[in-house]
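The following paragraphs offer a guided reading of a protein model. The reader is invited to keep the sequence and the structure in view throughout.

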Amino acid sequence: MTPQTAKTQTATTRAATTQTAKTQTAAAQTASARAAADPARERLRRWRLVLGGDAADGTGCALSGQDAAMDAALTALYGKGDRQTRAGRDRSAGLGASAPSVARWLGDIRTYFPSSVVQVMQRDAIDRLGLSTLLLEPEMLEAVEADVHLVGTLLSLNKAMPETTKETARAVVRRVVEDLEKRLASRTRATLTGALDRSARVNRPRHHDIDWNRTIAANLKNYLPEHRTVVPERLIGYGRASQSVKKDVVLCIDQSGSMAASVVYASVFGAVLASMRSINTRLVVFDTAVVDLTDQLDDPVDVLFGTQLGGGTDINRALAYCQSQITRPADTVVVLISDLYEGGIRDEMLKRVAAMKASGVQFVALLALSDEGAPAYDREHAAALAALGAPAFACTPDLFPEVMAAAIEKRPLPIPETV
C-alpha cells in the first residue's frame with residue numbers, strides 16, 4: 001500500500017466516523033448552529049476533523065473543547081495520515097497496547113460518539129491495532145460496547161481465554177444473545193407458525209379453513225361459462241395447528257473465521273426454532289470436522305461457546321452428516337450457511353445437494369446470515385447450486401423468517417434483488 005493510498009483510506013474512515021457522529025449526537029445541534037452562523041468556517045472545521053490535523057491538511061483550523069477531544073480519540077485509533085509504520089500502514093498516535101490507556105480511550109469514545117459509532121471504532125481498533133489480547137482481561141470486557149462483532153471476536157479467542165475471563169466473556173455474549181432474541185424471536189415464531197399451518201393442507205376443510213386460491217385452481221376444469229362460476233368439486237383447506245412435529249429443520253453452519261456474525265445469528269435462530277414444538281431442529285457446525293450441537297440448543301450461549309471459529313472448510317462432509325440425519329425428506333428443510341469456499345470434494349458436495357432435492361428436501365443456501373452487506377463467496381459454487389435449483393444468496397436476520405416460511409410452504413424463496 002502506498003503512503004498516499006494509506007492516507008486516503010485513513011481520511012475516508014475518519015470521515016465516515018465523524019459524519020456518523022455528527023448526525024447522531026447532541027454536538028451536531030451545536031455544529032448546525034455554527035454552520036448557520038458561519039458556513040465557510042464550519043466546512044473548514046469538518047475537513048479538519050476528517051483530515052486529522054497534519055500540517056498538510058491545509059485547513060488552518062484549530063480545534064478546542066469537545067472537538068479537540070473527539071479529534072484526539074479519532075487520532076488515537078486512525079493515526080495521522082502521513083505517519084507510517086514500517087509495514088506501510090497508519091500508526092496509532094497514542095492508544096498503545098496497554099489496558100489502562102485502552103480503557104481510557106473506550107471511555108472517551110463512549111462520551112463523544114453514539115453506540116453505533118462506538119461499535120465500529122472498537123472493531124477497527126481490534127483489526128488495526130491488534131488489541132484482541134486485551135479482550136482476555138475481564139476489566140476490558142466490562143468496558144467495551146457489546147455487539148455481534150465483539151461476540152465473534154470473543155469466540156475466536158475462546159481457546160486462549162483464561163478461566164478468570166471466561167465468566168465475564170459469557171456474560172457479555174449472553175447480553176448480546178438476549179438482545180437479539182428479544183428483537184428476532186416473536187416475529188420468527190409468528191411467521192413460521194402461520195407457514196406451518198398453511199403448509200398442512202386438508203381435503204375436507206371447514207368453511208373458514210378453505211384455501212380459496214388453491215381450491216379454485218384445482219377446480220378450473222369445472223368452470224360453467226353460462227353461470228360464470230366454478231363448481232368446487234374438491235375443497236382444499238389449511239390444516240389446523242397441532243402440537244405434533246410438522247417439519248424437520250437442519251441448520252448447517254460454516255464456522256470458518258469469516259462467518260463469525262453468521263454463526264452468532266444462526267445460533268440464536270436455532271434456539272428460537274428449537275423452542276417451537278412443531279419444528280424439530282438440528283444444528284450442525286463444521287470446518288474440516290463436523291460437530292452436532294443440537295443437544296445444546298436450549299441455550300444459544302452454550303452453542304456459541306461450542307463452536308471453534310477458524311480453520312478449513314469441508315462442506316461435503318457436513319452435508320453428508322446432515323443427509324444421514326434426514327428421515328422425512330418431504331418434510332425437511334436443510335439450511336446451509338456458508339461462503340461456499342469448499343476445501344473438500346466439490347463434485348460430491350453438489351451430488352449430495354442434488355440427491356437431497358430429488359428426495360423432496362427443501363434446500364436453502366445462504367452465503368451469509370448477517371447485516372454486514374455483500375459477502376465474499378465462491379461464485380463458481382454458487383452458480384453450480386443455482387443450476388441445481390438452490391440459489392445461494394446473502395440474507396439479513398430480518399429476512400430470515402420469511403425465507404424459512406417460504407421453504408416450509410415450498411414456494412419460491414424471497415431472494416433479495418441485489419443477488
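Which residue just after H14 takes a positive phi? In this predicted model, the residue is Gly360, whose phi is about 110°. The helix that precedes Gly360 is a convenient place to begin, but a brief view of the whole chain is useful beforehand.

The protein chain contains 16 helices and ten strands. Of its 419 residues, 47% are buried. Among contacts with a separation of 6 or more, 73% are between residues 24 or more positions apart.

Helix H14 comprises 13 residues, from 346 to 358. At 1.5 Å a residue, H14 should span 18 Å, and the distance of 19 Å between its end C-alpha atoms agrees with this expectation. Four residues of H14 are named as buried: Met349, Leu350, Val353 and Met356. Seen down the helix axis, these buried residues fall within an arc of 125°, so they line one face of H14. The face turned away from the buried side carries the exposed residues Lys351 and Ala358. What, then, covers the buried residues of H14? The cover includes two helices, H13 (315-324) and H15 (379-387), together with two strands, S8 (332-337) and S9 (362-369).

Strand S8 leads to another part of the structure, for S8 pairs with strand S5 in the parallel sense over six bridges. Strand S5 covers residues 247-254, and eight of its eight residues are buried. In a regular strand the side chains alternate between the two faces of the sheet. For S5, one side holds Lys247, Val249, Leu251 and Ile253, while the other holds Asp248, Val250, Cys252 and Asp254. Since these residues are all buried, both faces of S5 are covered.

Strand S5 also pairs with strand S6 (residues 279-286); the two run parallel and are joined by eight bridges. Val250 illustrates both pairings: its bridge partner in S6 is Arg282, and its bridge partner in S8 is Val334. How does the chain cross from S5 to S6? The path goes through helix H11, and the resulting β-α-β crossover is right-handed.

Helix H11 also takes part in an aromatic pair. A pair of aromatic rings is described by the distance of the centres and the angle of the planes. A search of the whole structure finds one such pair. Its members are Phe269 and Phe400, with 4.5 Å from centre to centre and 40° between the planes, an arrangement classed as tilted. The pair links distant parts of the chain, as Phe269 belongs to helix H11 (residues 260-274) and Phe400 to helix H16 (residues 400-409), 131 residues apart. Phe269 and Phe400 are both buried.

Attention may now turn to the loop between strand S10 (392-395) and H16, where Leu399 has its place. Is Leu399 buried or partly exposed? Leu399 has a relative accessibility of 21%, and therefore counts as partly exposed, given that buried means under 20%. Apart from residues up to four places away in sequence, Leu399 touches Pro414 and Pro416. Although Leu399 and Pro414 are 15 residues apart along the chain, their C-alpha atoms are separated by 8.3 Å.

A contrasting loop residue is Asn219, which lies between helix H10 (212-218) and strand S2 (223-224). Asn219 is buried, with a relative accessible area of 2%. When its neighbours within four places in sequence are left aside, Asn219 is in contact with Val230, Val231, Pro232, Glu233 and Arg234.

The discussion closes with the backbone, the topic with which it opened. Most residues other than glycine have a negative phi, and most peptide bonds are trans. Which residues other than glycine have a positive phi here? Among them is Arg228, with a phi of about 50°. Arg228 is found in the loop between S2 and strand S3 (229-230), and at 72% relative accessibility it counts as exposed. Another is Lys410, whose phi is near 60°. Lys410 is placed in the segment after H16 and is partly exposed, with a relative accessible area of 45%.

Definitions and conventions:
Residues numbered from 1 in each chain as written. Predicted model: local features only at pLDDT ≥ 70, side-chain atom pairs only at ≥ 80, totals over all residues. Heavy atoms only, no water. Expected span 1.5 Å × (residues − 1). Buried < 20%, exposed > 50% of the residue type's maximum accessible area, 1.4 Å probe, protein only. Arc of directions from axis to C-beta. Contact = heavy atoms within 4.5 Å. Phe/Tyr/Trp six-rings, centres within 6.5 Å; stacked < 30°, edge-to-face > 60°. Pairing = 2+ DSSP bridges. Right-handed = clockwise from strand over helix to strand, strands pointing away.
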